[in-house]
Amino acid sequence: MLPFTDKCSASLLLEGAPSFPIAIGGVSQPKSSLGDIGVNSQDAFGLYIGNRLIIGVVSDGCGSGAAITQDQARCSSNELGARLLVQATIHRCLKILSAPQGLLSPRQPLDKTFLHTLTKGLLKSLATTVKTFCSKDEAMRERFICDNLMATILGVVVAEDHFLVFGCGDGYIGVNDEIVSLKDQEGKYLANNLLLTLCPRTHKDPRLTSQLDSLATSTTEDLRAVVLATDGFAPVHSADASFFQNILNEPPPSTQVNAGHDRLLRELRRRLLTGPAKEVEFRDDATLISVRRTQTPAQHD
């Protein structure tokens with residue numbers, strides 16, 4: 001079976017070709033362990049492509065769950081949180097960055113204030129979801145949060161003048177010539193905050209506090225490529241240290257780009273199946289988004 005698919009997107013909004021030469025695409029691979037047949041992929045990704053804005057989000061749901069879920073040898077359903085966070089993050093970014101007329105707002109820079117507003121908005125949406133399903137029962141709230149909403153977030157926003165890469169949790173990011181593992185962020189979930197605010201009798205540790213952090217930012221003119229990947233790519237990165245960098249270094253072929261949407265599935269399959277990582281077994285779900293500057297048409301005299 002050929003690896004990866006581009007049909008696991010939680011959200012794909014195509015609202016016009018970008019006015020700048022940037023394209024975005026994503027792929028996902030469910031874990032290949034035969035022992036996990038019947039378990040949903042807990043990764044999700046989403047893309048937004050508009051005339052003046054590109055947004056990409058990757059999320060990885062936590063495989064474990066509440067203590068009672070673990071005691072009963074049941075699986076969590078944190079793929080729900082991953083899909084909700086992907087869609088909510090794109091929606092909130094558009095809401096923050098768009099003026100009432102639906103045009104991109106020139107008043108909102110991609111900075112710490114933007115990330116604070118985005119974090120606050122996402123937590124408000126998640127808290128409303130918990131209260132809707134669990135009312136005021138703290139034990140039920142705790143189980144719901146741990147079993148459904150624990151998921152990482154890695155995101156990228158590209159506007160006409162600036163871009164921002166942000167995240168909360170582990171995975172990999174690549175920006176131009178630099179690849180960074182976020183292994184030290186393992187266990188960091190935005191939903192941790194909900195345990196403090198919605199289950200205060202049992203959760204008081206301030207170390208649970210998490211937020212969206214800026215991971216890279218600069219002018220769009222300086223942007224050559226960005227890669228966001230979940231930690232399921234760890235064995236690929238170990239087997240082929242140049243895998244991410246090769247994607248960053250090469251613009252997508254013009255034949256696989258349509259109105260800013262990079263259909264990179266065949267390219268990624270080729271890179272994987274012809275490289276040093278071709279024998280890798282995916283023991284975890286793996287998802288990747290790439291944002292790359294497109295090829296400049298040849299100039300003719």
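Here are three short exercises, with worked solutions, on a predicted model of a protein chain.

**Exercise 1.** Find out how many helices and strands the protein chain has, and what share of its residues counts as buried.

*Solution.* Start by going through the chain for its elements: you should get 8 helices and 13 strands. Next, turn to burial: of the 301 residues, 52% count as buried. Finally, look at the outside, where the chain exposes about 14,600 Å², with 51% of that supplied by carbon and sulfur atoms.

**Exercise 2.** Work out whether Lys183 and Glu186, partners in a salt bridge, are buried, partly exposed or exposed.

*Solution.* First, check the pair itself: the closest N and O atoms of Lys183 and Glu186 are 3.2 Å apart. That fits the cut-off for a salt bridge, which is within 4 Å. Now take each residue in turn. Lys183 has a relative accessible area of 55%, so it is exposed, since the label applies over 50%. Glu186 comes out at 48%, so this one is partly exposed.

**Exercise 3.** Describe where the partners Glu250 and Arg271 sit, and how each one is covered.

*Solution.* Begin with the contact: their side chains meet in a salt bridge, at 3.1 Å from N to O. Then place them along the chain: Glu250 is in the loop between helix 7 and strand 11, while Arg271 belongs to helix 8, and the two are 21 residues apart. Last, compare the cover. Glu250 is partly exposed at 41% relative accessible area, whereas Arg271, at 11%, counts as buried.

Notes. Residues numbered from 1 in each chain as written. Predicted model: local features only at pLDDT ≥ 70, side-chain atom pairs only at ≥ 80, totals over all residues. Heavy atoms only, no water. Helix = DSSP H or I, 4+ residues; strand = E, 2+ residues; numbered from the N terminus. Buried < 20%, exposed > 50% of the residue type's maximum accessible area, 1.4 Å probe, protein only. Areas by Shrake-Rupley, 256 points an atom, 1.4 Å probe, with all protein chains shown as cover.
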